[in-house]
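Student: Hey, can you walk me through this one? I've never looked at it before.

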Amino acid sequence: MSTMKAFQLDDVQSGLQLRTVSRPRPEQGQVVIQIKAAGLCHSDCFILRDDQYNMIMKRPIVLGHEVAGTVVELGPGISDYEVGDRVVAGIPTHPVSQDSFFKAIGLGYDGGYAQQAMAWVDNLVRIPSGVSFAQAAVATDSIATAYHAVITEGRVGPDSTVAIVGLGGLGLPAIQIATIHGAQVYAVDIDETKLPLARELGAVGCANGLDDLGDIAFDTVVDFAGAGITTAAAVNAVKPCGRVIVVGLATKQMNLDTHAVITRNITLQGSIGSSLEELKEVLRLIADGRLSPILEEIPFDSIPHGLERLAQGKVTGRLFTDPTASDQR
């Protein structure tokens with residue numbers, strides 16, 4: 001078949017549209033992946049409600065940037081990969097550049113809400129033995145992004161006391177990552193139903209807000225909510241010379257205590273994405289059994305509903321779909 005079904009976006013007004021599109025053909029430096037798992041990311045929720053979201057490089061576009069599958073076709077001159085290889089299409093945003101987004105699947109070109117997708121060989125990573133397609137797909141963004149925020153930007157290690165704010169698809173693996181690296185981890189979310197799971201994943205204390213944790217002085221607070229008030233609370237919760245890492249995009253503006261930031265020498269750092277090396281490390285941690293993504297599979301046709309659930313905060317862990325699980329022709 002030369003065509004396939006895909007969820008495509010033109011603009012916010014029309015939303016996601018299930019359409020029949022041409023199957024991709026690889027050119028120099030590219031392969032085609034038969035998609036076995038595509039993760040649903042909160043970034044797609046922002047894309048669907050904001051036409052000014054500047055991470056989208058083309059329209060119309062097939063969304064879906066957490067992609068894992070098997071190589072089914074090679075472009076001219078490809079020798080590093082073979083048909084049948086199990087791969088993920090990484091999103092290497094470090095170092096940050098415009099080109100990194102142009103070559104990001106589901107952002108710069110058509111993504112994983114389809115049966116097949118083209119991917120640049122430079123962005124491919126082989127899936128280790130023992131890692132499922134679903135685990136690998138969500139590792140590409142949510143878990144690797146959490147890793148970058150906690151370890152690279154947050155500098156969390158064995159002597160760290162860290163708070164993870166916002167226990168969604170990034171915050172929950174962030175607890176595991178910080179715990180794996182020997183930190184003392186506290187978890188914060190306004191939804192009390194998420195707190196028992198946070199304890200299971202390694203949090204030594206949980207609360208609905210940073211203020212509820214008492215006099216604990218944190219080396220690092222990683223704000224996966226980004227709700228403005230959460231970042232402001234983080235500035236007041238870290239110790240002098242502490243670090244506040246902001247990942248969440250719940251609000252476009254925030255009001256901070258400038259006096260506290262300056263006089264207490266606090267570092268306020270934004271964090272987005274990860275490098276391919278960080279993705280490889282996350283995949284190793286999953287393969288070793290030290291990191292276990294929390295996953296829920298949904299049918300391909302339910303992608304729009306799944307994104308609605310995600311936007312409403314009604315998802316624990318990460319949603320994914322297998323576009324080849326049923327006949328989409």
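Tutor: Sure, we'll go through some sheets, a helix and a few odd backbone spots.

Student: Anything I should know before we start?

Tutor: This is a predicted model, where local features need pLDDT of at least 70, side-chain atom pairs count only at pLDDT 80 or more, and totals for chains, interfaces and linings use all residues. Residues are numbered from 1 along each chain as its sequence is written, and side-chain values use heavy atoms, with hydrogens and water left out.

Student: And how do helices and strands get their names?

Tutor: Both are DSSP runs numbered from the N terminus: helices are H or I with at least four residues, strands are E with at least two.

Student: OK, which strands form the open sheet with β1 in it, and in what order?

Tutor: Three strands, in the order β2-β1-β4, with antiparallel pairing. Two strands pair if DSSP finds at least two bridges between them. The edge strands are β2 (16–22) and β4 (61–62), each pairing on one side only.

Student: How many bridges are there between β1 and β2?

Tutor: Seven, with β1 covering residues 3–9. As an example, Q8 has Q17 in β2 as its bridge partner.

Student: What does β5 pair with?

Tutor: Strand β5 (residues 66–74) pairs antiparallel with β3 (residues 30–39) over eight bridges, and I33 is partnered with V71 there. Three bridges also join β5 to β6 (residues 86–89), again antiparallel; G69 has V87 as its bridge partner in β6.

Student: Which sheet is parallel?

Tutor: Six strands form an open sheet with parallel pairing, in the order β11-β10-β9-β12-β13-β14. At its edges stand β11 (205–207) and β14, each with a single partner strand, so one side of each has no neighbour in the sheet. The twist averages 20° from one strand to the next; axes here are lines fitted to C-alpha atoms, for helices over the stretch in contact, and angles run from 0 to 180 degrees between N-to-C directions.

Student: Can you zoom in on a pair from that sheet?

Tutor: Take β9 (residues 161–165) and β12 (residues 218–223), which pair in the parallel sense over four bridges. V162 stands opposite T220 in β12.

Student: Which strands does α3 lie across?

Tutor: Helix α3 lies across β9, β12, β13 and β14, at about 155° to β13. Contact means heavy atoms within 4.5 Å.

Student: Is α3 largely enclosed or left open?

Tutor: Largely enclosed by the rest of the structure, because 19 of its 21 residues are buried. Buried means under 20% relative accessible area, exposed is over 50%, and partly exposed is in between (1.4 Å probe, protein chains only).

Student: Where does α3 bend?

Tutor: At A139, by about 60°. The bend at a residue is the angle between axes fitted to the seven residues ending there and the seven starting there.

Student: Now those odd backbone spots. What's the usual case?

Tutor: Most residues other than glycine have a negative phi, and most peptide bonds are trans.

Student: So where is the cis bond?

Tutor: Between R59 and P60, with omega about -5°. P60 lies in the loop between α1 (42–49) and β4.

Student: Which residues have a positive phi?

Tutor: Among them are R155, just after α3, at about 55°, and C241, at about 70° although it is not a glycine. N265, also not a glycine, has a phi of about 55° and lies in the loop between α7 (258–263) and β14 (267–270).

Student: Is C241 buried or exposed?

Tutor: C241 counts as exposed, because its relative accessibility is 53%. Its place is in strand β13 (residues 238–246).
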